[in-house]
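Okay, thanks for coming, everyone. I'd like to walk you through one structure today, so let me put it up on the screen.

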There are 4 protein chains.
Amino acid sequence: MTIEVAVVGASGYAGGELFRLLLGHPEVEIVGAYDIKNVGLPLPKVHPNLRGLIDLTITEPRYEEIGEKTDLVFTATPHGVAMKFVPKILDGGAKVIDLSADYRFDDPATYERYYVKHESPHLKAIYGLPELYRERIRGARLVANPGCYPTAAVLSLAPLVREDLVDMEYIIIDAKSGTSGAGAAPGEVTHHPLCGANIRAYAVTTHRHGPEIDQELSKLAGRKVRAHFTPHLIPIVRGILSTAHVFAREPMSKEEVLQLYREFYRGEPFVRVLDDLPQVNFIVGSNYCDIGVECDAEGKRLVVVSAIDNLVKGASGQAIQNMNLMFGIDEAKGLKGPPLRP
Amino acid sequence: MTIEVAVVGASGYAGGELFRLLLGHPEVEIVGAYDIKNVGLPLPKVHPNLRGLIDLTITEPRYEEIGEKTDLVFTATPHGVAMKFVPKILDGGAKVIDLSADYRFDDPATYERYYVKHESPHLKAIYGLPELYRERIRGARLVANPGCYPTAAVLSLAPLVREDLVDMEYIIIDAKSGTSGAGAAPGEVTHHPLCGANIRAYAVTTHRHGPEIDQELSKLAGRKVRAHFTPHLIPIVRGILSTAHVFAREPMSKEEVLQLYREFYRGEPFVRVLDDLPQVNFIVGSNYCDIGVECDAEGKRLVVVSAIDNLVKGASGQAIQNMNLMFGIDEAKGLKGPPLRP
Amino acid sequence: MTIEVAVVGASGYAGGELFRLLLGHPEVEIVGAYDIKNVGLPLPKVHPNLRGLIDLTITEPRYEEIGEKTDLVFTATPHGVAMKFVPKILDGGAKVIDLSADYRFDDPATYERYYVKHESPHLKAIYGLPELYRERIRGARLVANPGCYPTAAVLSLAPLVREDLVDMEYIIIDAKSGTSGAGAAPGEVTHHPLCGANIRAYAVTTHRHGPEIDQELSKLAGRKVRAHFTPHLIPIVRGILSTAHVFAREPMSKEEVLQLYREFYRGEPFVRVLDDLPQVNFIVGSNYCDIGVECDAEGKRLVVVSAIDNLVKGASGQAIQNMNLMFGIDEAKGLKGPPLRP
Amino acid sequence: MTIEVAVVGASGYAGGELFRLLLGHPEVEIVGAYDIKNVGLPLPKVHPNLRGLIDLTITEPRYEEIGEKTDLVFTATPHGVAMKFVPKILDGGAKVIDLSADYRFDDPATYERYYVKHESPHLKAIYGLPELYRERIRGARLVANPGCYPTAAVLSLAPLVREDLVDMEYIIIDAKSGTSGAGAAPGEVTHHPLCGANIRAYAVTTHRHGPEIDQELSKLAGRKVRAHFTPHLIPIVRGILSTAHVFAREPMSKEEVLQLYREFYRGEPFVRVLDDLPQVNFIVGSNYCDIGVECDAEGKRLVVVSAIDNLVKGASGQAIQNMNLMFGIDEAKGLKGPPLRP
């Protein structure tokens, strides 16, 4: 089987990472690299790591045509952009995995409160977190690939929240991200002299991944959950470490929590429940989400730590995992490269 | 006035930082550099930044003698060491500021639970956080210099806790430290290939600075407070960012919280209450503790972020601030060097 | 075809990288992980990135037996160790690729001057730089895998030196390496507080990779060449950038030099001659050696820059490339994963 | 004595560093902070490290007026800007230290070849390297503050070149700089995802600091010298390490070279000749230039390594050193803060 795929938003980091990973996928042919920037440039001019590996030129997208001539389109454009053209691609016949936030929210009003006015709110997508929605992804034509922070945070809390084992009022998610999460456009926040030996918190009560996390935790809990999410920027390039502080309704031991997690994630190809705590350098370059947990002496406070590569499980790797599901092939295909350490 | 000071534990990072700062102090003469390591080496062999600036040789300490011939001794030895010899120094007549944990706990039993058996539990020290205990430090002969994390965490929460404005059950302190906090001894945790592009949480419910924070918050609250402290190691050399997640008993606006903090810290030479959030690179190299706050839309969750240089306000700078108080001179003397940025 | 391989020195970084890469090699079965450290530990305890991917336990090596039951043994032990047991492995029947310096020198006396007394100087190995010795590697039973710096430096100079186009008296190689090159054992040089915001030169005229570079340049030149090699340590984990400063005998244009290099490396699977200069982040995680060149206005001074991942093309990846040659399979097999960027 | 100073170009990194250092200078009053950007902003909004330390607002410059009301103006504007207004400031009566390249070249034609057309080529400045031109700086009204790379490179080579001890044809200067050298304007080169785990060479034969180095080495040699300068960008914020590779005319021992350097720099307040090699973290935050040297076994190749903080000795610290000379006060005043390490 060969899936013919195209990438819209080929110049960005998620786009580049899609190419990196798709090049190793035995059942994929990359047939198009589209962007409104860098049109006419060979792809390796923009992503020099790919020199000699791929021979495409960045082209300005004509969406209906792309939809007609490909099986699947990854849209890796900034928030508020894909919603303008995804309907056209779908009309052309291709399936779509959108890596932006445009289709992540069940309620368009939530999207509009945190982002911009939605231009295709009628389109319904499946939220592309395979560990929670595998079956629905299999049948989807449009998948909304989760945000990087929500991937790490939701996976780290899903078992406890679904089983209603923690106090839903006091879920604190204190996350730390590398700078590649800020994207390819330079700015003061990622200017090395200011961030290279620095750490900052940002959008501490208002980050747009907060409502996305809340949506997913609420679905798991079966009722409205409002978690408390605070992100930080740290001077690494790749990786997110998400530290969830929660309070058990009834005292739990670490072994009980781990047992629950191992059961919940049994058979998952990309979730590793560890005996000790994850670190970013256990997972960099791979599609793994590593999870570990500690309990305090009373079994009251639980700290659940998860680690992902924001560009892989937090973006392009998860998108490919979704693609594999949508096309009925081995979910891990093309994603088996081990993490790099050191 | 000239204060004759000596440093025991001259080889470590806190020791080196004491020399760096004391060299610029107009009323201090450094008369001794003691250690059991590197004996006989010129100080700049151990701290090459000090070449040409100081002419001392590291000497093996004879404590009574040191106590007799100096006005003040900084003891910057590992935990469990100073308690063996501080009584001797005090007997000699000098005052002591201990930078280890040995005298930080009001209750020796707490110390012994988290560290080792105490060998001079009868000695009572003043906890050297000038913003809380200025007057008592002025009269002290033995000051226990606070831990780095407790300095950042306690200063970030003191106003809210003393005024009983937040739910004491749900105080989460998620802190991030640079690697110099781990000290001068190499080990796997600070081995660059493993930590240079990594972040990890460690001792997430059991770190020894937890009970120290609890002791101080409890004194501020006037009742037992148990906060929830989790540290992380990030790939910067200097600096701690401490993010406190707390829940207001009654809704508060950011402006109300800032007002409270500005009032609480009015006139403090080394606490800066900011309109926005602090970053590590606002304070590196200086004795400042910067504090900022955000509230969520409901005024329910407050996030208080503080930033210090762990080697300055978190160790040696604060020790000098304490010295200034103990000798009745301008509290900021020798500590006025601005932070470095970028 | 299945090549049964074992790794001696399984705990180190080169060992870990061998496992990372071999796991993706379709014609390899890893049958043994040997070390004198960490005996009895599951491999993923030592290399946590490999959790869930490999099920071996570290075993104490019995060399004859290993030689009998495997097709190929990678020896990734410190310098001066492999020479003690490689003869035994060869006696058992297996081929050997040694990643240490033990068999890199044609003249054991050179080895002994820079390392230690050789214990198996009679054994002759092929120097495992496929771009220069491909045919001989194909027939080899013992391959000496090149050093990381020599790989970058020799590949960057081979065309100019073989064609005798530069002044051999004034070849300066100023190289910069990430910290993983220092290996897995913590020490002061790689202690993050001291190296994380630092750069240092080391062994500036005496580094042991100097004579290795000289040996290879001399063979290329057909006469004794003494280059001038100086390494630096920089605060990145992976990667070497090697900057060669040379002087053309006759003025050359950049285009002429590039032409020469493109010709020399035509068809090479892992050398990319770039139009512009390489950067470390074009090649991290991959087996590529990227090379670029600039000439000054007079065409007199040439600067040739090369970049490799010290753990891949500088160690384990090149070893696998050699393995592929020794077993007659596609030289690039298992090594096709693109570099990571960002 | 109080010198009233102003800074034009207050928003940049050199400007910020001037304020940081001048705040600790006992004989300086900062009377103006000028820029065409950020006009109307309090200085600490732009340099948050300075909050609480300085109370100036950034003002649009009126040059004649500034010249009339201040004793000295530091101009820290981009290249090609100061030349437009320095004559006006001088006309007003103030002395000027220009931190840009505009007045560094004895021959305006050289400037114009590497920068832009000069608009005040008639103005003659003294090149502000105190170790070479101390007496002339004392009497100067306009000082051209040296570039960061030239400061490190020229100081590292001056003794050997003035004494004509090395082959002037083969002077290679391979320098490595932190990212703050690129200035405060974000761009792709300093975008953390691309530079945070990277090293690159740039402008390898064409960097504009090359002719500046050549000018100074030529004056030292008493004849035209053309050195070969190649810079690199490394992922640290502050610091330059400059590695000079030179060839002795007659064999020299390390001790002979050190002897020469110690003699040459005897009494210099900011040059430290070390027994071993300098590292960036010996000097960060200070005005020191540390220099060390190694010779190969034959005494033929010499490697001279120097380290400076590019923002201090490479820019603002050196400017203040020049100011001290111009106003007849202790050359080291305000510059005595020791380097930070770790």
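I'll go through the chains and how they meet, then a couple of sheets, and finish with one residue. Before anything else, keep in mind that this is a predicted model.

Let's start with the copies. In general, two copies of a chain are related by a rotation about an axis and a shift along it. Take chains B and C. To put chain C on chain B, you turn by 180 degrees with 0.0 Å of shift along the axis, and the RMSD comes out at 0.0 Å. That is how a two-fold axis relates things. The two copies also use the same surface, with 100% of the contact residues of chain C coming back in chain B.

Now chains A and B. Here again a turn of 180 degrees and a shift of 0.0 Å along the axis lay chain A on chain B, with an RMSD of 0.0 Å. And 100% of the interface residues of chain A are interface residues in chain B too, so these copies meet through the same surface.

So what do those two contacts look like? For A and B, 33 residues of chain A touch 33 residues of chain B. Quite a list of elements each put in at least two residues on the chain A side, including β7 (172-177), β9 (228-233), β10 (240-247) and β13 (301-308) of chain A. If you sort that side of chain A by class, you get 19 nonpolar, eight polar and six charged residues.

For C and B, we have 15 residues of chain C in contact with 15 residues of chain B. Which helix gives the most to the chain C side? That's α8 (residues 192-195) of chain C, with three residues. By class, this side of chain C splits into seven nonpolar, seven polar and one charged.

Let's go inside a single chain. Chain A is split into domain 1, residues 3-124, and domain 2, residues 149-310. Going by C-alpha atoms, the centres of these two domains of chain A are 27 Å apart. Where they touch, domain 1 of chain A brings ten residues and domain 2 of chain A brings seven. The domain 1 side of that contact in chain A has five nonpolar, three polar and two charged residues.

On to the strands, and I'll switch to chain C. Strand β1 (residues 3-8) of chain C runs parallel to β2(C), and six bridges pair them. If you want one spot to look at, C:A6 sits opposite C:G32 in β2(C). To get from β1(C) to β2(C), the chain goes through helix α1 (residues 13-22) of chain C, and this β-α-β crossover is right-handed. How much of β2 of chain C is buried? Five of the seven residues in this strand, residues 28-34, so to speak mostly covered.

Further along chain C there's an open sheet of seven strands, in the order β8-β9-β7-β10-β13-β12-β11, with mixed pairing. Its edge strands are β8 (200-201) and β11 (271-273) of chain C, and each pairs on one side only. Within that order, β12 (residues 289-295) and β13 (residues 301-308) of chain C run antiparallel and are joined by seven bridges. There, C:I291 stands opposite C:S306 in β13(C).

Chain D has an open sheet of seven strands too, ordered β8-β9-β7-β10-β13-β12-β11, again with mixed pairing. Why is one side of β8 (200-201) and of β11 (271-273) in chain D left without a neighbour in the sheet? Because these two stand at the edges, each with a single partner strand. For β11(D), there's a parallel pairing with β12 (residues 289-295) of chain D over three bridges. In that pairing, D:V273 has D:I291 in β12(D) as its bridge partner.

Last stop, one residue: D:L56. You'll find D:L56 in the loop between α2 (43-46) and α3 (63-69) of chain D. D:L56 counts as partly exposed because it has 18 C-beta neighbours inside 10 Å, and the cut-off for buried is 20 or more. Setting aside neighbours within four places in sequence, D:L56 is in contact with D:I30, D:A33 and D:L43. As for D:Y34, it is 22 residues away from D:L56 along the chain, with 9.7 Å between their C-alpha atoms.

That's my tour, so over to you for questions.

Note on methods. Residues numbered from 1 in each chain as written. Chains lettered and ligands numbered in written order. Predicted model: local features only at pLDDT ≥ 70, side-chain atom pairs only at ≥ 80, totals over all residues. Least-squares fit on C-alpha atoms with pLDDT ≥ 70 in both. Domains from an automatic or database assignment. Nonpolar A, V, L, I, M, F, W, Y, C, P; charged D, E, K, R; others polar. Buried ≥ 20, exposed ≤ 12 C-beta atoms within 10 Å, placed from the backbone. Helix = DSSP H or I, 4+ residues; strand = E, 2+ residues; numbered from the N terminus. Pairing = 2+ DSSP bridges. Right-handed = clockwise from strand over helix to strand, strands pointing away.
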